[in-house]
Amino acid sequence: MFELNNSDVEVEEFLGSKIFYIDNFYKNPDQIVQFFLSIKPKFHKEWQDGYSYNKIYFRDMRHEIPLDISHVYDYLSDLCGQTYEHKFVETNCINFNPSVFNDYENCYWWPHLDIGYTALIYFNPDDEECGTNLYECTNKVPGCEADSKDNVREHFAPWRSKENYELLKSLKPRYNRCILFDAKKFLHGQNIIDDRYFGENFRLNQVLFFKPYD
């Protein structure tokens, strides 16, 4: 089901880093989407209960499916030159309730850093806009860099004021497109530009995490 399509790789040099774009990543993307839809995802970071508006104003959920897809990790690892720790299938699934809390016009959703390169495979047909933004933090306010020492909880204050960030680049999604970028170098977060995911439809992608070799 997770067979690769051996598609061409486009490489972009951006601010001293490489971003990899691979369209038509999987041979059977429709089958993969149906597989994800057949399994109920879990709410993300449920341990933040008491400091979380997850399940109230939005539903931020994950699949963590114990399937070995090491061939996918190996392929992307060769591109980015980094290693990985796990080989299972993981997704991001999110949608929002109509509410003034979800102020996408004035705020960005949770700009953050990961441990190394991150790959995202997008699975929403007819969406070539709500991809992933790369930022630079311009005003050092608490939570601007999503640093735990600032004691700003992700699901308590996920929307961060746009005035504190410079938008460096919007990575454009496309159905079955994989984008691999340095998520430790660039603050990043999902690009919510309208209310298409306010309701029943989930924004869905697969995510794979990499890290520099020790």
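The following legends describe close-up views of a predicted model.

**View 1. Tyr53 and Phe101 form an edge-to-face aromatic pair.** The structure holds 28 aromatic pairs. In the pair shown here, the ring centres of Y53 and F101 are 5.1 Å apart and the planes stand at 65 degrees, so the arrangement is edge-to-face. Y53 belongs to the loop between β3 (42–43) and β4 (58–62), and F101 to the loop between β6 (89–96) and β7 (107–109); the pair therefore ties together parts that are 48 residues apart in sequence. Y53 counts as partly exposed, at 26% relative accessibility. Both residues are members of one aromatic cluster, which is formed by Y53, Y57, F58, F96, F101, Y104, W109, F156, W159 and F198.

**View 2. Tyr108 and Tyr165 form an aromatic pair between two strands.** The geometry of Y108 and Y165 is edge-to-face, with 6.2 Å from centre to centre and 80 degrees between the planes. Y108 lies in strand β7 and Y165 in strand β11 (residues 165–171), so the contact ties together parts that are 57 residues apart in sequence. Y108 is buried at 14% relative accessibility. Y165 is likewise buried, with a relative accessible area of 7%.

**View 3. Basic side chains lie over the faces of Tyr51 and Phe14.** R153 is placed over the face of Y51, at 4.2 Å from the ring centre. K169 lies over the face of F14, and here the distance from the ring centre is 5.3 Å.

**View 4. Strands β1 and β2 run antiparallel.** Strand β1 (residues 10–14) is joined to strand β2 (residues 17–22) by five bridges. F14, the residue whose ring face is covered by K169, stands opposite S17 in β2. The hairpin of β1 and β2 has two residues between the strands, and L15 takes a positive phi near 50 degrees.

**View 5. Arg174 and Asp23 form a salt bridge between two loops.** The count of salt bridges in the structure comes to 13. In the one between R174 and D23, the closest N and O atoms are 3.2 Å apart. R174 is located in the loop between β11 and β12 (178–182), whereas D23 is located in the loop between β2 and α1 (29–37), so the pair ties together parts that are 151 residues apart in sequence. R174 counts as partly exposed, at 35% relative accessibility. D23 also counts as partly exposed, at 24% relative accessibility.

**View 6. Glu154 and Lys45 meet in a salt bridge.** The N to O distance between these side chains is 2.6 Å. E154 lies in the loop between β9 (132–137) and β10 (159–161), and K45 in the loop between β3 and β4; the pair therefore ties together parts that are 109 residues apart in sequence. E154 is buried, with a relative accessible area of 7%, whereas K45 is partly exposed, with a relative accessible area of 26%.

**View 7. Asp127 forms a salt bridge with Arg196.** The closest N and O atoms of D127 and R196 are 3.2 Å apart. D127 lies in the loop between β8 (117–122) and β9, and R196 in the loop between β13 (187–190) and β14 (203–209), so the pair ties together parts that are 69 residues apart in sequence. D127 counts as buried, at 3% relative accessibility, but R196 is partly exposed, with a relative accessible area of 24%. Elsewhere, salt bridges that share partners join D23, E128, R174 and R177 into one network.

Technical notes
Residues numbered from 1 in each chain as written. Predicted model: local features only at pLDDT ≥ 70, side-chain atom pairs only at ≥ 80, totals over all residues. Heavy atoms only, no water. Phe/Tyr/Trp six-rings, centres within 6.5 Å; stacked < 30°, edge-to-face > 60°. Helix = DSSP H or I, 4+ residues; strand = E, 2+ residues; numbered from the N terminus. Buried < 20%, exposed > 50% of the residue type's maximum accessible area, 1.4 Å probe, protein only. Lys NZ or Arg CZ within 6 Å of the ring centre and 35° of its normal. Pairing = 2+ DSSP bridges. Salt bridge = Lys/Arg side-chain N within 4 Å of Asp/Glu carboxyl O.
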